[in-house]
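Let's take a walk through this protein together, one region at a time. Have the sequence and the 3D view open as you read.

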Amino acid sequence: MLAQQRHDYVLEQLRTHGAVRVADVVNGLGVSDGTVRRDLELMEQQGQLTRVRGGAVLPGGSGSAAVDPAGAEATEPAMPAEGAVVGMLVPSATYYYPEVLRGARSAIARAGARLVLGVTDYDPGRDLDQLRDLIRSGCDGLLVTSAGGPVIPAPVRELLDGSGLPHVLVERRSAAAFDHAECVLSDHRQGAYRAVEYLAGLGHRRVALFTVSTPTARPVTEGHAEAVRLLELDPSAPRHIAEEGADRIAAVDAFVRDCRASAATAVLVHSDQEAILLVQRLRSLGVRVPEDLSLIAYDDEVAALAEVPLSAVAPPKFEVGRTAAAALLDRLGSPTDLPVRQTVLQPRLLVRDSTGAPPGAEAVTAAGSGASAAAAAV
């Protein structure tokens with residue numbers, strides 16, 4: 001684990017609880033007592049915390065305070081955003097975003113703040129109306145996921161800037177490369193790359209892609225393409241993006257035909273629902289998963305519930321919500337202007353039963369063995 005990751009964990013615990021114990025950091029991160037104490041010493045030198053007996057407190061706390069070894073904090077700083085009202089705009093309350101919401105609610109509840117929700121049902125025309133309602137309701141700050149993505153539309157950005165309210169973009173970023181918009185998002189390009197890398201490690205050379213037209217489709221497609229290029233895989237494997245409103249079964253059937261024609265041996269599928277449908281259509285054609293075709297789903301909402309439990313890329317949805325809410329609460333509670341934070345979190349690859357070596361081959365590369373072991377361990 002990188003030092004910066006350990007420091008971020010310590011700071012998050014401090015922001016949440018006001019104090020942190022060395023023993024809790026050791027247990028939470030699985031690192032040594034000495035490593036934690038060196039981290040705290042360095043972070044104190046940087047002005048990020050104040051060390052006390054047994055742990056640390058936020059700067060400005062009592063230098064003589066102690067963190068009780070039994071777990072009780074000797075000092076109990078007031079939560080900085082207590083009583084604040086946080087407005088949150090999301091495209092859906094039924095798929096992907098419930099876990100993001102749960103993460104945000106956990107941070108907001110701990111701070112003694114209140115969450116107000118606006119849902120657009122992926123209708124871009126409702127973004128501005130929902131945001132205006134949240135602003136008029138008296139929200140102190142906003143967490144914003146526009147219906148379209150992965151970049152925030154210009155009218156939404158203009159409304160946010162004009163409101164004067166602190167805001168954090170969630171699973172979205174600004175269209176401008178050097179913008180100052182605060183954001184927390186999953187690196188879907190990295191998630192797709194890691195999935196293809198794992199399949200390549202098993203010996204697959206033709207890795208196809210099927211995705212539906214969603215805000216996640218573009219970065220997943222880009223990550224797949226980069227993996228094919230950098231890992232020198234066969235670029236002839238089919239790549240399909242099913243447009244919104246298209247006949248899903250017809251699109252999947254056409255994709256299956258292309259996979260068979262191209263002799264593809266593996267496929268990355270976004271989302272879980274399409275992956276499950278694909279498995280069903282493959283079975284009707286006598287194509288077995290993973291014996292004939294390995295499959296990795298993207299999203300990990302219901303992938304584990306498929307008839308063949310599907311290996312899946314799992315974006316860190318809970319952590320995205322929690323981190324975004326914590327960043328906004330920090331800004332609401334700070335007496336000074338904080339640096340803008342743009343946080344990118346990495347998805348995990350969860351290996352289940354839908355992936356294996358291609359027909360007649362085995363994963364023999366050293367790099368592939370390492371990738372397999374790493375993926376199976378998370």
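Helix 8 gives the most to the lining of the second largest pocket, with 3 residues. Please bear in mind that this is a predicted model. The pocket has a volume of about 920 Å³, and 42 residues line it. To find its centre, look for Ser-213, Thr-214, Pro-215, Thr-216 and His-270, the lining residues that lie nearest to that point. Besides helix 8 (217-230), the elements that give two or more residues to the lining are strand 8 (183-186), helix 7 (188-201) and helix 10 (272-284). In character, the lining divides into 16 nonpolar, 12 polar and 14 charged residues.

Strand 8 is a handy guide to the next stop, the sheet. Here 6 strands form an open sheet in the order 5-4-6-7-8-14, with parallel pairing. At the edges you will find strand 5 (114-119) and strand 14 (342-345), each of which pairs on one side only. From one strand to the next, the twist averages 15°. Strand 7 (residues 167-170) runs parallel to strand 8 and is joined to it by 2 bridges; Val-170 stands opposite Val-184 in strand 8. Helix 6 (residues 154-163) packs on the sheet, where it touches strand 6 (141-144) and strand 7, and its direction makes about 155° with that of strand 7.

Finally, have a look at Asp-300, in the loop between strand 12 (294-298) and strand 13 (311-314). Which side chain does the side chain of Asp-300 join in a polar contact of 2.9 Å? The partner is Arg-352. Leaving aside neighbours within four places in sequence, Asp-300 also has contacts that include Asp-272, Lys-317 and Leu-350.

Notes
Residues numbered from 1 in each chain as written. Predicted model: local features only at pLDDT ≥ 70, side-chain atom pairs only at ≥ 80, totals over all residues. Heavy atoms only, no water. 1 Å grid on protein atoms, 1.4 Å probe; cavity = no way out; pocket = protein on both sides within 12 Å on 5 of 7 lines; lining within 4 Å. Points joined across faces, edges and corners; volume = space filled by probe spheres on them. Helix = DSSP H or I, 4+ residues; strand = E, 2+ residues; numbered from the N terminus. Nonpolar A, V, L, I, M, F, W, Y, C, P; charged D, E, K, R; others polar. Polar contact = N/O pair within 3.5 Å; in protein donor to acceptor, adjacent residues only side chain to side chain. Contact = heavy atoms within 4.5 Å. Pairing = 2+ DSSP bridges. Axes fitted to C-alpha atoms, helices over the stretch in contact; angles between N-to-C directions.
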